[in-house]
Amino acid sequence: MKIEEKYYPFIVVLTCLLLFFPHLDILYANIMEARNFNTAREMLHFDNWIFTTMNGEARYEKPPLPTWLSAFSGAIFSINKLWALRLPSAIVTTLLVYFSYLFSIKRFQLPAKQALYGALIVATSFYVIFAGRNGTWDIFAHAFMLLGIYFLFQFFSTDIKKYTSAILAGLFIGLSFMSKGPVSHFALLLPFLISYLFIFRIRSSSGRAFPFMILIIIALALSSWWALALYFGDTNTAASIANKEATAWANHNTRPFYYYWSFFTQSGIWTIPAFIGLLYPYLKTRVLNLKAYQFTLLWTLSAVVLLSVIPEKKSRYLLPVLIPLALNTSFYIDYLVRKFSELKDKREVLPVYFNFSIIALAAALTCPFLIYLFVDDFTGILWVYYSLLQVGCLFVAIFIIKNLKRKNIENAFYAVIFFTCLIITCGFPFVRATYTNTDYKELAPKIVELERLNKPVFLYENSSPELIWDVGKRLPVLMSREGINYPKESSFYLIVEREQEELAKEKMVGYNFILQDCYDGNITSKKDRNYKIRRVGCLYLVNATD
């Protein structure tokens with residue numbers, strides 16, 4: 001498959017449009033998104049742009065930039081539309097993928113075709129797809145950091161446009177901090193600096209000191225202004241939340257040092273090529289640009305080691321690793337494209353056949369699997385998606401097998417990219433068929449009804465971000481950090497999480513609780529692992545007995 005180089009950027013952008021933008025409203029808001037979206041809603045409704053809140057309570061755990069972007073998108077398209085709130089994530093992920101392409105060409109001086117491979121691997125890596133379609137903070141921090149690194153690399157390696165490079169590097173490094181604090185500085189920037197010092201070394205230049213100072217000042221100014229605003233504007237609350245976050249990093253989700261040893265599996269469909277790309281003794285004599293390969297390899301491994309030092313570990317924290325890992329994997333894919341037809345050693349050939357054959361088999365079985373699981377739920381447009389998916393998957397399976405026989409790895413590679421896009425565009429709608437909770441009931445309309453009747457409604461505690469999101473608006477809270485704030489009304493309505501019902505009754509002595517109804521905000525079955533009891537809100541009529 002011969003594609004002219006001038007079309008490569010369009011292929012990158014088109015792939016991102018197919019992966020990150022379709023069906024953004026299918027998945028309901030998870031706990032992290034709910035925190036972000038609640039805060040964005042209150043920015044619009046109460047102008048809490050700096051001193052951010054969630055249902056009226058200070059929410060300073062994360063910097064505000066991603067929330068601002070969600071709020072802006074919500075203001076344009078509707079704060080109640082999930083696709084609108086997730087749209088900034090899709091846009092910034094597209095930016096990340098595009099700059100990974102530019103990074104390979106303009107910074108590593110790699111062939112355009114290999115840069116295309118690397119960008120497409122980034123785009124189709126599992127956690128990149130997940131984060132790019134999810135309205136949380138991580139993807140913003142790492143996308144802005146990659147842009148900062150792009151210009152920082154230029155600043156270190158050339159004397160061209162030193163001030164422009166320094167200003168842009170400082171700007172994007174600062175924006176990364178405004179997205180999720182120092183997370184990406186530690187997980188992406190520091191490993192980059194380690195790799196750069198070892199492989200390329202920083203060029204000395206008498207004219208570089210002053211622009212570097214500008215870079216540092218811009219990055220520090222952007223990184224610190226919000227924290228300073230909180231410190232001087234709400235000192236006690238900011239200090240309390242900072243201590244809580246520091247404790248969480250040290251004590252929550254602690255895992256052993258080797259927990260991330262299987263980090264390459266987080267690239268999903270590229271697990272086997274990613275692993276082989278890490279085998280330096282094997283690949284060092286097979287790449288065209290050894291220094292660039294050494295750099296991406298050291299960048300990847302440094303990031304894994306640094307993340308392993310942190311006691312708190314989660315699989316999603318490996319997202320920044322997938323960026324240099326994808327660039328590193330592109331060296332192996334490039335080698336296969338160039339040399340696979342000449343390979344005779346079974347030890348080199350068999351992993352390739354195994355990898356692409358597994359993907360071809362997955363494509364062939366996708367549609368029968370779907371029809372077996374959801375045949376009773378196919379209605380309307382789902383039949384259209386299923387038909388397109390059926391034809392597309394069969395094409396992918398046949399195309400991969402055909403090109404494996406011809407030893408044409410490039411075509412097989414593009415087929416994998418097409419298959420991934422096909423799953424998102426035509427397969428993702430079938431997620432709706434898993435929404436089988438017959439007890440699902442929306443809480444927001446009931447709140448509107450009660451307020452229309454001038455009935456006071458309270459929330460017992462701000463402990464469930466999803467429940468707050470489902471409520472649809474800010475409600476006064478009884479249980480806060482300072483204790484219970486009893487309402488002035490002797491009779492009122494109270495929303496309590498199902499797990500807190502007994503606790504609320506014990507705490508609120510002198511009140512009689514009369515259950516009105518329970519509203520289950522889960523759309524998945526109770527047997528599903530994604531079912532969250534904290535999303536069930538029970539509505540009580542509460543009367544003072546005194």
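Modeller: Let's begin with one term: two residues are in contact if heavy atoms of theirs lie within 4.5 Å. With that, let's look at a single residue, Leu288.

Biologist: Which residues does Leu288 contact, leaving aside its neighbours within four places in sequence?

Modeller: Leu288 is in contact with Asp334 and Arg338, once neighbours within four places in sequence are left aside. Leu288 and Asp334 are 46 residues apart along the chain, yet their C-alpha atoms are separated by 9.0 Å. Before we go on, please note that this is a predicted model, in which local features need pLDDT of at least 70 and side-chain atom pairs count only at pLDDT 80 or more, while totals for chains, interfaces and linings use all residues. Residues are numbered from 1 along each chain as its sequence is written, and side-chain values use heavy atoms, with hydrogens and water left out.

Biologist: Thanks! Where along the chain does Leu288 lie?

Modeller: Leu288 lies in the loop between helix H13 (280-283) and H14. Helices (H or I, at least four residues) and strands (E, at least two) are DSSP runs, numbered from the N terminus. In the whole protein chain there are 21 helices and 8 strands.

Biologist: Is Leu288 buried or exposed?

Modeller: We go by relative accessible area: under 20% is buried, over 50% is exposed, and values in between are partly exposed (1.4 Å probe, protein chains only). Leu288 has 59% relative accessibility, so it counts as exposed. For contrast, take Thr15 in helix H1 (residues 8-20). Its relative accessible area is 7%, so Thr15 is buried. Not counting residues up to four places away in sequence, Thr15 touches Leu120, Ala123, Ile417 and Cys421. Of the 546 residues of the protein chain, 54% count as buried.

Biologist: How do I read two helices side by side?

Modeller: Two packed helices are described by the angle between their axes and the distance between the axes. Here the axes are lines fitted to C-alpha atoms, for helices over the stretch in contact, and angles run from 0 to 180 degrees between N-to-C directions. Find helix H4 (residues 82-107) and helix H7 (residues 138-157): they pack at an angle of about 25°, with axes 9 Å apart. That angle makes H4 roughly parallel to H7, a label for angles under 35 degrees (over 145 is roughly antiparallel, 65 to 115 roughly perpendicular, the rest oblique). Among the residues making the contact are Val92, Leu96 and Phe99 of H4, and Phe140, Leu147 and Phe151 of H7.

Biologist: What angle do H14 and H15 make?

Modeller: Helix H14 (residues 290-309) and helix H15 (residues 322-339) pack at about 145°, and their axes are 8 Å apart. Tyr293, Leu297 and Trp299 of H14 take part in the contact, as do Leu325, Asn328 and Phe331 of H15, to name some.

Biologist: Phi angles puzzle me. Where is phi positive in a residue other than glycine?

Modeller: Most residues other than glycine have a negative phi. One exception to look for is Asp47, with phi near 60°. Asp47 sits in the loop between helix H2 (31-46) and strand S1 (53-54), and it counts as exposed at 60% relative accessibility. Lys161 also has a positive phi, near 50°. You will find Lys161 in the loop between H7 and helix H8 (162-180). At 57% relative accessibility, Lys161 counts as exposed.

Biologist: And how do I picture the whole chain?

Modeller: Imagine a box of roughly 90 × 65 × 45 Å, taken along the principal axes and filled by the C-alpha atoms. Among contacts with a separation of 6 or more, 79% come from residues 24 or more positions apart.
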